[in-house]
Structure formats: C-alpha cells, structure tokens
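Me: Please take a close look at the aromatic side chains and whatever surrounds them. I want one connected account, with numbers where they exist.

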Amino acid sequence: MRRRKNSTTLEEFDKTQLVDKELVDKISLWILRIIFNLGGAREFIDNNNRLYRDSLAYFLEVGAYVDMDSDEYKRSDILAVLKKNHIKLEKRVRFTSSKILTKNIQQISKLMNLNSVEEQILEFIVLVNQYDVLDDATDLLGNNLNTTQAKKAIGIILAIDTKAVNEAFKSTSKLAKSSIVTISKSSTFPLGHKIEIISDEFADNMLNLDEDISVMLKESVKPCDISTLKLEDYEHIEKDIDIVLPYLDNAMKNKKNGVNILLYGLPGTGKTELAKTISETLQTKLFEISYTDEDDEAIDGYKRLKAYKTAQSLLSNQNILLMYDEAEDIFDSSESPLSPKRQDNKAWLNRMLETNTIPTIWITNNIYRIDNAMVRRFDFSIEVPIPNKSKRAKIIKNYSNNLLDEQSIKVLAENENIAPALITRATKVVSSIDTDDKPKAFTQVLNNTLKAQGYKEIQEKIVTLLPNVYDPKFINTTTDLEVLTQGIKEHQNARLCLYGAAGTGKSAFGRYIAETLNKPLLLKKGSDLISMWVGGTEKNIAKAFAEAKEEKAVLVFDEVDSFLADRTGANQSWEVTQVNEMLVQMENFEGIFIATTNLIDNLDKASLRRFDLKLEFDFLKAEQSWKMFLSYCKDLKLAQPSISFKRAVESLKYLTPGDFAAVTRQNRFRPITDVKDFIQRLEDEIAVKNVSNGNVMGFLA
C-alpha cells in the first residue's frame, strides 16, 4: 500500500498544501475528466464511502461536509456544479505545476531527452502517488483496468493522443528503459497501481527537494563511504587488479557502454571494500544500489533492478561507478521456491549488461546461483578469496588497532576462514570494551562468528611443527630420509606419496622437510578439502595448490585416500571429477607436494603414477624403538633406563612414533612415574591396534 507524505482526508485536507493555485486547478481538471470523460460520475455520486466521496466534493468546491443523501442537496445539483467547473477549466490554455516539481522534471528531461508527453506522464504519476485526492479519483474508473484501458485513461485525463501514450510506454521508450515509470502488463489494477513510479520516496523527493538528481535518488542509489581496506591489502589478487583498474579507467574516459565487472567469493572476503578501493584509486565516486528501504526493510530484486535502470539513465552524465551488491537476487538461476524473485528473461538481462552506460561492479557471495551463460556476459570476473596465511597476518596486524601481540596475530592467521571483514568487526567490538585480556576477547568474538558460519574455531596454540626428540632416523623406511631431504632442497620440486600404518611419521616427515628447507607448511586434512556441495571438493583442492604456490609452502595432503579413491569403483560423477582435479593440480604444481595415506591400495592407480616417489613408512625396528625410548626418557626427565629394560622395549611389536607422541601427551595430565610405567603405557597403545596372530587388522590393514 502506498504511503504519501501529502496524504489527504476530509478532516486534514487543505488546498494550501499544494501551494500553487495553478496546480490545484490542474488536478481539479484531471479529476473532472475522470468524472465526465471517463464515466466516473455515477461512481462519484453513488459511492458508499462517504469520507472518500465528500473529500472529492470538498476539493472540487461543491460543498464541504454536505449530506449528499439528503433532499436538501440534490445529486443533479452536484453534477451541475462540477460540469460548470469542468467547462471553465477546459477553456484554460495552460496550467503550471509546483515550482520544485517543474524544475525537477526539467532536470530529468534534460538528462533523458524526454518529450512533452513523457514529461506530462511523469508529472501525473508523481502527483497520483503523492496526493490521495487524485489517487482516489482514479479509483472511480474501477479496480480492474487492463493495460490498454490504463493507457487510454491516461490519454483522456491528460488530453494526449492515445498513439503518443502508447509510444511513451513502449519497452524501448525512455521511461520504460529507465524504470522511472512502468506499467504492469500482467495484471489488472486500479489506475494508480497499474502505472507506478520507481518508489514513493522518489516521488516525494520530486515534489519537495530542490537538489541535484543524485540526491533525488538517495533512497534507491546511495553514495558509498570510504573503504576500510587499501589496495595493498589485495596483493593476493594483484594480477586481476592490474587488469581491472586500467580497463575501468579507459571505459570511463571514453564513455564506453556495456562495462560490467563481477566480484565473487565467500562473505567477508572484502568484495565490497575492493569495489570502494577501486573507485578511490580511479578518483571517482561509487554509488551503490540500495538493498534496504528507509525503514531498513529488504528491497526485492525487481525493485532494485528498477533502481539500477533509473540510475543508469539519470546519472550517466556523471563520472561515477555503480555497485550492485547481492547480485544473485536478479541473476539467480536456482529453482528453489525459497530463492529470491527470479528473472527468466535472459535475453533482456543480456541486453541490459551490453548497453548500460555507467560501468558497474556486480558482487555476489554465491557464484553458483548465477547461470554460467550469464557469467559469460561479464567483461571480467574476479574471485576474491580469503587471503593466504602471510597476508592474513598482515591484515590482522594492520586492522586490529594494536589490540593483539605478535603471537596472537600468528595464532589467528593460522585459521584460513578469518576474512578481513571479521577482523574489522572484532576490532570494533573489542576497542569499545574495558578488558584486561584484549587478545582473548578478540579471539572470542571471532570464534563466535566462525561458529555461526559453520567453520572451525581458532586453535588456542599453534601446534609445534616437530617434537623435541624428532629424528628422521627413527622412521622405518627403505630410503635415507636425510639424503632425500637434501635432494628435495636442491631441486625444490617433488611429489611424494608416503604410505603406511597410522602413526608411523608420515605427516611429521612433511613438517621436517618444511623446517629443513625453511619453508612454510600448508597441511590439509581430508576434512579440510571434502565439501558437501557438488564441485566444492574440486574447488578446495585447487585453492590449496594455489595457496601453496603463492606462499611457496610445502603442501601436505593428509588422509589423501578420502578423496583420491580408485575411479574404477566410482558410483557418482563427482567421485571421478575430484580425482581428475587432483591429478591436474599435481601435474601443474611445481613445488613440493606430499600425500599421506594409510590405505594405498585404495588409491586411484593413475594417481600413483603421478608421484615421483612412493615410500612406505613401517613400524619401528627394535633398534629404533630403543633409541627413541632413550630420547623420550631424557626429554621427560625420567631416570636413565638400565640395559635391563632394553629387551622389554625392543620386544614391542607394531610400535610407532605416534605411540610415543600419544603417551607424551598423557604426561600433561597423567604424569609418567618411571621407566617401567612408560613401557606399560606404550604396551597399552599397541593393545588397541587390533593386532592378532601377527596380522594387522582393521584400519591398519
């Protein structure tokens, strides 16, 4: 339902609201044409809504607060007075409008090159929207006007040739293209609802604001504030920015049409801030298509699209960029009944992208909801990912307002789901509270958001890369691991598949290589890579390889068998595509990649050929077990074990470095009392491995 600032009722209406007597006469003539030229007389006299009927009568000067049903005031007398006024007003040559409205219509007409018919229609719709007395009069024509009837009615009310009215409402007309005034073709409505203006706020501004056109559109198109991020914060997509900046600069200088940039990525990755940063770098203004109204209620995609078209028409003479956030609300290709209003006319949307006059940056959090055919229509599409670890650390340091120490920054940067927007919001919260432990509060705020998003929370401490007693000599394999590490250090390119029972030191050796080569370690478990969404796992795999390349990190995929299964047994297409993606990424990766698995027999056979070296990690040999035992006793500050314990340790079958690590972790809350207790706990670890008759059972098979 419309809300008019200048709403009128019998008790409240005062013609001085209209300021100009000329405008009163113009509206009166329009109403009288509805009554006499369009058959509204009977409805006017017979209408049972007394307040509605008497308000019109009062406005038309046929008496105020009169009882039209009494014998004292005959209905024929009312019509006679109205007819007299009608004849008088029809003799007038011209009518003016309010000064502000006239000025604003002229401003729009100059920008859009409107003709006189289009100007008159625009004025009529503004006044119908703003004054109930005129809108109520249009209701005399009935509640079920079709498009033809509505156009004919406007022609008669405004004394315009029907052919000219039809031209003004054609889909190719200036009014239609701008969406300032539209006509509903699919339904029947009263005239005041059949033909609509872009928004009630715009109509109100047209009548009351003596400002630049950009201010007139302030409820639909808003200037953006300054970005909270800087161009250097987007070094992780520097190659894309190096293309988009000169492209937009050239487009604006040469007034090119059909320029559209798509930014996509997870929420909070800085897409909106990037659009602002691009605008600031190009030294131009950025205007955003609003997604909430003045009451902070969401605006649907259809109305936002109308606002976008209007901005394209009315702001094209200004040196600006437009930003349309949440673009999926008009490009949505999903079939879900819960999805926003869908635009099925792809051809029309294509034309819109190809002909827009103001370069536009479109933003979406979900690229999968936009049809691929539509994505191809954008000049340049840029994924804005969460920055890599080193970049995350810089952003956290720069935007945490000195709330965090270096160790806290390092811990936070480990979480790959911490986007720039999360940092700025957490800073806003923690800066405003009084607490002795700001890093702890900062982490708490971030964890709550991560939890709400379904992401893993921040680890309190960074896991130490290697245990204090680590030594590659404690790994049972057929290759000298120290010599292997030096070879990798020399060539900086290797693809290793480390396989064997759990706990035999496969992942730890990846850490050892990274530490020896002084490179960062990027460790991805199967749970980090596998996605519930189709195509999500492939995307995560590609993202991991890209991050490793950018960070120059040693990339380790733990539990690789969970997504690199043999394709011959695949039942679903996605099982094949994720293996294919893995193989492509391995082929193209020029760094150090290590895959670990407990189940090498389950791996895709083609994938095994892609590895430069496949190395089995076995249970500790007796001699290794004893040497490792001595090292841990020293680290745990236990008494030096006598030689009498050697046989007991060396007799432990299926012992792994992981067993020593597990027992050591127990020591934090269940201190090891002596050497004998240490041996007993190692035996307990072996006991749960389901070993029977010398055969390894279950997941160790």
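Reply: W626 and F629 sit three residues apart in helix α30 (residues 622-635), so about one helical turn separates them. Are these two side chains buried or exposed? Both W626 and F629 are buried. Keep in mind that this is a predicted model. I return to the geometry of this pair below.

Now the sheet. Five strands make it up, in the order β10-β11-β12-β9-β13. The sheet is open, and its pairing is parallel. At the edges are β10 (521-524) and β13 (613-617), each pairing on one side only. From one strand to the next, the twist averages 20°.

Within that order, look at β11 and β12. Strand β11 covers residues 554-557 and strand β12 covers residues 592-597. Three bridges join them in the parallel sense. One contact to check by eye is L555, whose bridge partner in β12 is F593.

A helix covers part of this sheet. Helix α24 (residues 481-491) lies across β9 (494-500), β12 and β13. Relative to β13, helix α24 runs at about 150°.

Next, the rings. The whole structure holds 20 aromatic pairs. One of them joins F557 and F593: the ring centres are 5.2 Å apart and the planes stand at 90°. Pairs with planes over 60 degrees apart count as edge-to-face, so F557 and F593 get that label. Why does this pair tie together parts that are apart in sequence? F557 belongs to strand β11 and F593 to strand β12, so the pair bridges 36 residues of sequence. F593 therefore has two links to β11: it is the bridge partner of L555, and its ring pairs with that of F557.

Solvent access is quickly settled. The cut-off for buried is under 20% relative accessible area. F557 has 0% relative accessibility, so it counts as buried. F593 also has a relative accessible area of 0%, so it is buried. Back to W626 and F629: their rings are stacked, at 6.0 Å centre to centre with 20° between the planes.

Elsewhere, rings gather in a cluster. Ring pairs link Y308, Y324, F331, W362 and F378. One cluster member also has a charged neighbour: R304 lies over the face of Y324, 4.2 Å from the ring centre. A lysine does likewise at another ring. K83 lies over the face of F36, at 4.8 Å from the ring centre.

Conventions:
Residues are numbered from 1 along each chain as its sequence is written. This is a predicted model: local features need pLDDT of at least 70, side-chain atom pairs count only at pLDDT 80 or more; totals for chains, interfaces and linings use all residues. Side-chain values use heavy atoms; hydrogens and water are left out. Two strands pair if DSSP finds at least two bridges between them. Helices (H or I, at least four residues) and strands (E, at least two) are DSSP runs, numbered from the N terminus. Axes are lines fitted to C-alpha atoms, for helices over the stretch in contact, and angles run from 0 to 180 degrees between N-to-C directions. Contact means heavy atoms within 4.5 Å. Rings of Phe, Tyr and Trp (its six-membered ring) pair if their centres lie within 6.5 Å; planes under 30 degrees apart count as stacked, over 60 as edge-to-face and the rest as tilted. Buried means under 20% relative accessible area, exposed over 50%, partly exposed in between (1.4 Å probe, protein chains only). A charge sits over a ring if NZ of Lys or CZ of Arg is within 6 Å of the ring centre and within 35 degrees of the ring normal.
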